[in-house]
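This report looks at a protein chain through a handful of its residues and then at the chain as a whole. The sequence and the structure come first.

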Amino acid sequence: MGKITGFMEFQRQEESYLPPATRLKNYAEFVIPLTNEQAKIQGARCMDCGIPFCNNGCPVNNIIPDWNDLVYRGNYREALDTLHSTNNFPEFTGRICPAPCESACTLGISEDPVGIKSIEHKIIDEGWEHGWVVPQPPSKQTGKKVAVVGSGPAGLAAAQQLARAGHAVTVFEKADRVGGLLRYGIPDFKMEKSHIDRRVKQMEAEGVTFRTSVLIGKDFPANVNNWAKETIFPEDLQKDFDAVVLAGGSESPRDLPVPGRELKGVHFAMDFLPQQNKVNAGDKVKDQIKATGKHVVVIGGGDTGSDCVGTSNRHGAASVTQFELMPMPPEHENKPLVWPYWPTKLRTSSSHEEGCERDWAVATKRLEGKGGKVEKLIACRVEWKDGKMAEVPNSEFEMKADLVFLAMGFVSPVATILDAFAVDKDARGNAKASTDGDGCYKTSAAKVFAAGDMRRGQSLVVWAIREGRQCARAVDEFLMGSSELPR
Ligand SMILES: Cc1cc2nc3c(=O)[nH]c(=O)nc-3n(C[C@H](O)[C@H](O)[C@H](O)COP(=O)(O)OP(=O)(O)OC[C@H]3O[C@@H](n4cnc5c(N)ncnc54)[C@H](O)[C@@H]3O)c2cc1C
Ligand code: SF4
């Protein structure tokens, strides 16, 4: 512990943002990281409590008190090693993790919690800046071949761990670039894509082969993005590789079956967001969905909806409104009741701050338009009793809507992919595999494992990294009889 009285002396300092007027002009990241002096003070706020709840609150179990202390002492080199010992990609989580660790911080019971995420961000940025993040190729090869299907954070974490254990790893990705939702989905202003490119270079130097625009499977549905130019059947993959990791995400979107759904101008969020990622990467996108000058309604109050808000405002939308079916959560959590768990409370994202009307307990009844194009949305207010939703009588209202984005989450992974591998599904349609005991992460299909959103359902980047790491260990054990990879 760096400074015994630090938590009594210093206030929490958040990373600051460029002002909305500046950041709305482009798609660049706008978070201003802590300076070394600020990070030292924030590190000093850590109490190094006997039981570090933050470590347990973090899905990858980052060893947070240790790096807080190391940052307080200015020892970034060792802090980086400690951080990397549990997290392959802290530059992703340091930018876009919602930081459940901070909800679990003991200091948070009575004061503002330690600014863990901003310290993580600082450590990894220092690491890249000083050239400390270098390839770690294995000292020997095992002669075993592993295929990873999907290049999101789960697939990347699994691939990096397995390559470092000496296996020959090939990552197959149906998109034209590596990264999963980190690449196509999460806007560049939350995480610039150069962070993925540097990791891909590092992983290639460690022996990972990436094959993009390749779909593994059969009968892919039309409502999910698929830019593959080549298809490989699962049985061929199983023949050619000693083990297969399915890390294809949870891509089937939840639809809104209301009259008018078929009108032009009503899109899934994942039709809209990846297009802007592509344009930012320098690609030409034919008939890009543009919010410029339009009245935009986003249906769904989560992260994806918030990303539609931020992107629409960067396009120059005339207005942006976001509806959520659930009631408005309380502004502050009841700490003694919920700590150290992730609380339900009102969350206002940087995109909301840039301009957006938000409304809760609203259900869309129908969409109307002329000439096949959406023009308005008709909604009503709802109330919730005993988990059941009921329409508030006489509460119907309408609003102008030139563009409607459906951002109500994802139902499950693409079923045809799991079926093509003959993988059993759980009750929610995810790949069925347990996370502990013998045979963890192993599916019902021979030598096929599953990790990330494809196994647990839609979740978070940090959970995908955890599952990718743990799955890699399970695969290594399966191939070699034992494993030295961390759990
Ligand atoms: C818009 C949006 C914003 C989000 N924002 C955040 C955030 O701020 N913070 C956060 O922590 N989480 C966020 N999430 C959630 C997070 O992105 C996911 O939980 C995480 O990316 C899941 O990782 P994954 O590796 O399991 O799957 P994914 O990232 O979904 O990657 C799966 C990859 O597999 C590929 N694939 C699928 N099937 C096949 C196949 N048959 N053959 C070849 N390739 C295939 C897909 O093309 C995709 O690239 C967000 C999600 C969305 C949609
Ligand atoms: S990965 Fe997320 S939960 Fe873990 S320390 Fe970083 S911000 Fe916290």
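## His352 and its surroundings

In this predicted model, His352 is in contact with Ser306, Gln322, Arg347 and Arg358, once its neighbours within four places in sequence are left aside. The residue lies in helix H16, which covers residues 350-353, and with a relative accessibility of 8% His352 falls under the 20% limit and therefore counts as buried. The side chain of His352 also reaches back to the loop before the helix, where the backbone nitrogen of Ser349 is found at 3.0 Å.

Ser349 itself belongs to the loop between helix H15 (335-338) and H16, and its relative accessibility of 22% makes Ser349 partly exposed. Although 327 residues separate Ser349 from Thr22 in sequence, the C-alpha atoms of these two residues are 17 Å apart in space.

## The loop between H15 and H16

Arg347, one of the contacts of His352, is likewise placed in the loop between H15 and H16, where a relative accessibility of 33% puts Arg347 in the partly exposed class. Not counting residues up to four places away in sequence, Arg347 touches Trp342, His352 and Arg358, and Arg358 also appears among the contacts of His352. A polar atom of the Arg347 side chain lies 2.4 Å from the backbone oxygen of Pro343. The C-alpha atom of Arg347 is 9.5 Å from that of His332, a residue 15 places away in sequence.

The loop between H15 and H16 also holds Pro340, and the peptide bond that joins Trp339 and Pro340 is cis, with omega at about 5°.

## Arg23 in helix H2

Arg23 is found in helix H2, residues 20-23, and is buried, with a relative accessible area of 2%. Leaving aside neighbours within four places in sequence, the residues in contact with Arg23 are Tyr17, Leu18, Phe30, Arg314, Ser350, Glu353 and Glu354. Of these, Leu18 offers its backbone oxygen at 2.9 Å from a polar atom of the Arg23 side chain, while Ser350 and Glu353 are the residues that begin and end helix H16 (residues 350-353).

## Glu120 in helix H9

Another buried charged side chain belongs to Glu120, whose relative accessibility is 6% and whose place is in helix H9, residues 116-129. Residues up to four places away in sequence not counted, Glu120 touches Asn62, Trp67, Leu83, Asn87, Pro90, Thr93 and Gly94. With Asn62 the contact is also a polar one between the two side chains, at 3.3 Å. Arg95, 25 residues from Glu120 along the chain, has its C-alpha atom 8.9 Å from that of Glu120.

## Two residues with positive phi

Ser213 is not a glycine, yet its phi is positive, at about 55°. The residue sits in the loop between strand S5 (209-211) and strand S6 (214-216), and at 12% relative accessibility Ser213 counts as buried.

Asp287 likewise has a positive phi, near 55°, in a residue other than glycine. The loop that holds Asp287 runs between helix H13 (269-280) and strand S11 (295-299). Is Asp287 buried or exposed? With a relative accessible area of 65%, above the 50% limit, Asp287 is exposed.

## The chain as a whole

The protein contains 19 helices and 20 strands. Its radius of gyration is 23 Å, close to the 23 Å that the globule rule gives for 487 residues, so the protein is as compact as a globular protein of that length. Taken along the principal axes, the box filled by the C-alpha atoms is roughly 65 × 60 × 45 Å.

Of the 487 residues, 53% count as buried. Where contacts join residues at least 6 apart in sequence, 68% of them are between residues at least 24 apart. The accessible surface comes to about 21,400 Å², and carbon and sulfur atoms account for 51% of this area. The protein carries 60 positive and 64 negative charges, and the mean positions of the two sets are 3 Å apart.

Definitions and conventions: Residues are numbered from 1 along each chain as its sequence is written. Chains are lettered from A and ligands numbered from 1 in the order in which they are written. This is a predicted model: local features need pLDDT of at least 70, side-chain atom pairs count only at pLDDT 80 or more; totals for chains, interfaces and linings use all residues. Side-chain values use heavy atoms; hydrogens and water are left out. Helices (H or I, at least four residues) and strands (E, at least two) are DSSP runs, numbered from the N terminus. The radius of gyration is taken over C-alpha atoms; the globule rule is 2.2 Å times the number of residues to the power 0.38. Buried means under 20% relative accessible area, exposed over 50%, partly exposed in between (1.4 Å probe, protein chains only). Contact means heavy atoms within 4.5 Å. Accessible areas come from the Shrake-Rupley method with a 1.4 Å probe; for residues, only the protein chains shown count as cover. Lys and Arg count as positive and Asp and Glu as negative; His and the chain ends are not counted. The place of a charge is taken as NZ of Lys, CZ of Arg, CG of Asp or CD of Glu. A polar contact is a pair of N or O atoms within 3.5 Å; within protein, one must be able to donate a hydrogen and the other to accept it, and residues adjacent in sequence count only if both atoms are side-chain atoms.
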